[in-house]
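Please look over the chain below with its nonpolar core, one of its helices and its strand pairing in mind.

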Amino acid sequence: MEKKTRLNSMNSDETPRLAEQLQRAGLRPTVGRIGMLAALIQIGEGYHYPEDILRELLRQGRLGSITTIYRVLADLTSIHFLQRSFDVDGKAKYRLTHASKAAEEICLVCEQSGRRITVQDKELRSQLDHLARVHGMETSSLPLLIQVNAITKLEKSEYK
């Protein structure tokens, strides 16, 4: 019961929504996870280093350690709440993914090259989700991935 009280006392208006999203993704909505997401929302758009996130947590008067930051970053990246990128020195930086956009995304992924094309189409995504349910499959709020075999211009010319 104490954890619920601490979660509700956080200063983010996003707390209930974040807790629900974490639960749907299969993670417990702990104070650390919600606190870090709230800190990332407070910092704003763009990529941020783990040390920047720790500084924001400390600025807000929340306890934290860099070890906890890295552990929670790994958790949130694994469920696609965060995207990881690397700077020119190879240092990891993170940014929030936008769940509302992800729920509409359809990604075509080439099996050979790994190349990705992302389409934002709410109606098409809804139709594909419905078709999956009709056939006993369940989709998530993450981007829908469709594997394709892309044909390069050179390969295409051979078929003419």
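The briefing that follows treats the core, then helix H5, then the hairpin.

This is a predicted model, in which local features need pLDDT of at least 70 and side-chain atom pairs count only at pLDDT 80 or more, while totals for chains, interfaces and linings use all residues. Residues are numbered from 1 along each chain as its sequence is written, and side-chain values use heavy atoms, with hydrogens and water left out.

**Nonpolar core**
- The largest nonpolar core (buried Ala, Val, Leu, Ile, Met, Phe, Trp, Tyr and Cys residues joined through side-chain atoms within 4.5 Å; buried means under 20% relative accessible area, with a 1.4 Å probe and protein chains only) has 21 residues, and Leu22, Met36, Ile53, Ile69, Leu73 and Leu76 have the most contacts inside it.
- At least two residues of this core come from each of H2, H3, H4, H5 and E2, where helices (H or I, at least four residues) and strands (E, at least two) are DSSP runs numbered from the N terminus.
- H3 supplies the largest share, five residues.

**Helix H5**
- Its 13 residues reach 18 Å from first to last C-alpha, close to the 18 Å expected at 1.5 Å a residue, the expected span being 1.5 Å times one less than the number of residues.
- Ile69, Val72, Leu73, Asp75, Leu76 and Thr77 are the buried residues of H5, and they pack against H2, H3, H4, E1 and E2.
- Beyond its neighbours within four places in sequence, Leu76 is in contact (heavy atoms within 4.5 Å) with Leu22, Leu27, Arg33, Leu37, Phe81 and Leu82.

**Hairpin**
- E1 and E2 pair (at least two DSSP bridges between them) in the antiparallel sense over five bridges, and Phe86 has Ala92 in E2 as its bridge partner.
- Five residues lie between the two strands of this hairpin, and Gly90 in the turn has a positive phi of about 85 degrees.

Terms used: Buried means under 20% relative accessible area, exposed over 50%, partly exposed in between (1.4 Å probe, protein chains only).
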